[in-house]
Protein chains: 2
Amino acid sequence: MSLKYSKQRQAIWDFIEHRTDHPTADTVYSNVRKNMPNISLGTVYRNLVLLKDTGRLKALDVGDGVVHFDPCITPHDHFVCRCCGRIIDLPDTGTQEAVLGVQAATGGRVDERRSYYYGLCGSCVENRGLMN
Amino acid sequence: MSLKYSKQRQAIWDFIEHRTDHPTADTVYSNVRKNMPNISLGTVYRNLVLLKDTGRLKALDVGDGVVHFDPCITPHDHFVCRCCGRIIDLPDTGTQEAVLGVQAATGGRVDERRSYYYGLCGSCVENRGLMN
DNA sequence: ATAATTATGATAATAGTTACTGTTTTCGAA
DNA sequence: TTCGAAAACAGTAACTATTATCATAATTAT
């Protein structure tokens, strides 16, 4: 899989590189479009998949029907707020023992673990009842 | 949310109740249809959501673009095979401490945790290179 | 039995994503 | 520095999973 440079991909990367809010393809699209008005949505999708397939991004499926992307590729977990939908980075809560246990139990091989914690985030707890 | 009996919902439940393979709406549809040929796909979706919203099913988003349903509602984790796509039940690998830690770190409230282990399942490890 | 409520089948609509196509850009080699 | 193959692009069509609509039918409380 040999990639060639493109300013579109660069712009996508520049946008997402330091984000911690796990944007969707559409969010990336509408933001990148501010500086590059005729980039196409297909290009955004294509490049996000490409960046994922080359290990620069991770995709998150939290259950809201949209794929979110995460430029932080070191192992960590996520908190998903059921109220505001925010996805917040957490430290890695997994253990090596659990992985080994899973492998022993299934006879398979684990190469990744993803954990999602669902609930109300800090600010939604504070505002409980005031907003939704 | 008051439910009325329907033989369609009953048939859907009868099909999925003891399944451990986490079928999708479409799988439920094509199976229930064998005995109830003119049940509609919309009815299947509506009832799966209803069963989920009333706590009889859980939905799984493993990243394959389709929602899977799980009739086992006690806390447990899942193994997702990257090769054959199978989703295999695992024991709960989470800890109370991790949940408390997440709550402390975020100031939020956790009501659920979902962990997915990805890799090759036992039989795909055995057949590595022979099938895909 | 009746009326209110809920569910249904059939179908249309939506949303997110992927595929196609003809043109443009990139980049290694001549 | 040009040339040509490979890769990427914009624009758009197509696809898939899911949800919404609506007129009719089944269920259930009175």
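Leaving aside its neighbours within four places in sequence, with which residues is Val62(A) in contact? In the predicted model examined here, the contacts of Val62(A) beyond that sequence window are with His68(A), Val80(A), Ile87(A), Tyr116(A) and Tyr118(A), together with Arg114(B). Val62(A) is placed in the loop of chain A that runs between strand S1 (58-60) and strand S2 (68-70), and its relative accessibility of 5% means that Val62(A) counts as buried, the limit for that class being under 20%. Val49(A), which is 13 residues away from Val62(A) along the chain, has its C-alpha atom separated from that of Val62(A) by 17 Å.

The chain to which Val62(A) belongs contains five helices and five strands, and these follow one another along the sequence of chain A in the pattern α-α-α-β-β-β-β-α-β-α. Along its principal axes, the C-alpha trace of chain A spans about 50 × 45 × 25 Å. Of the 132 residues in chain A, 40% are buried. When contacts in chain A are restricted to residues at least 6 apart in sequence, 51% of them join residues at least 24 apart.

The relation between the two chains was examined next. Two copies of a chain are related by a rotation about an axis and a shift along it. A turn of 180°, with a shift of 0.0 Å along the axis, lays chain B on chain A with an RMSD of 0.0 Å, and this is therefore the relation of a two-fold axis. Among the residues of chain B, the one that comes closest to the rotation axis is Ser115(B), whose C-alpha atom lies at 2.1 Å. Because 100% of the interface residues of chain B are also interface residues in chain A, the copies meet through the same surface.

Helix packing was then considered within each chain. Two packed helices are described by the angle between their axes and the distance between the axes. In chain A, H1(A) and H2(A) pack with their axes 10 Å apart and at an angle of about 110°, which makes H1(A) roughly perpendicular to H2(A), a class that covers angles from 65 to 115 degrees. From H1(A), the contact involves Ala11(A), Ile12(A), Phe15(A) and Ile16(A), and from H2(A) it involves Thr27(A), Val28(A), Asn31(A) and Val32(A). Sorted by class, the residues of this contact between H1(A) and H2(A) comprise six nonpolar, two polar and no charged residues.

In chain B, the axes of H1(B) and H2(B) are likewise 10 Å apart, with a packing angle of about 110°, so that H1(B) is roughly perpendicular to H2(B). Here Ala11(B), Ile12(B), Phe15(B) and Ile16(B) of H1(B) meet Thr27(B), Val28(B), Asn31(B) and Val32(B) of H2(B), and the contact of H1(B) with H2(B) divides into six nonpolar, two polar and no charged residues.

A further helix pair in chain B is formed by helix H2 (residues 25-35) and helix H3 (residues 41-53), whose axes come within 9 Å and cross at roughly 125°. This angle lies outside the range of 65 to 115 degrees and is not over 145, and H2(B) and H3(B) are therefore oblique to each other. The crossing of H2(B) and H3(B) is right-handed. Ala25(B), Asp26(B), Val28(B) and Tyr29(B) are the contributors from H2(B), while Leu41(B), Val44(B), Tyr45(B) and Leu48(B) are those from H3(B). The contact of H2(B) with H3(B) holds seven nonpolar residues, no polar residue and one charged residue.

Individual positions outside the helices were also inspected. His22(A) is found in the loop between helix H1 (7-16) and helix H2 (25-35) of chain A, and its phi is near 55°, a positive value in a residue other than glycine. With a relative accessible area of 1%, His22(A) is buried. In chain B, His22(B) lies in the loop between H1 and H2, also has phi near 55°, and is buried at a relative accessible area of 1%. By contrast, Lys4(B), located in the segment before helix H1 (7-16) of chain B, has a relative accessibility of 71% and so counts as exposed, the threshold being over 50%. Between the C-alpha atoms of Lys4(B) and Leu48(B), which are 44 residues apart in sequence, the distance in space is 15 Å.

How values were computed
Residues numbered from 1 in each chain as written. Chains lettered and ligands numbered in written order. Predicted model: local features only at pLDDT ≥ 70, side-chain atom pairs only at ≥ 80, totals over all residues. Heavy atoms only, no water. Axes fitted to C-alpha atoms, helices over the stretch in contact; angles between N-to-C directions. Helix = DSSP H or I, 4+ residues; strand = E, 2+ residues; numbered from the N terminus. Parallel < 35°, antiparallel > 145°, perpendicular 65-115°, else oblique. Left-handed = near helix turned anticlockwise from the far one by under 90°. Contact = heavy atoms within 4.5 Å. Nonpolar A, V, L, I, M, F, W, Y, C, P; charged D, E, K, R; others polar. Least-squares fit on C-alpha atoms with pLDDT ≥ 70 in both. Buried < 20%, exposed > 50% of the residue type's maximum accessible area, 1.4 Å probe, protein only.
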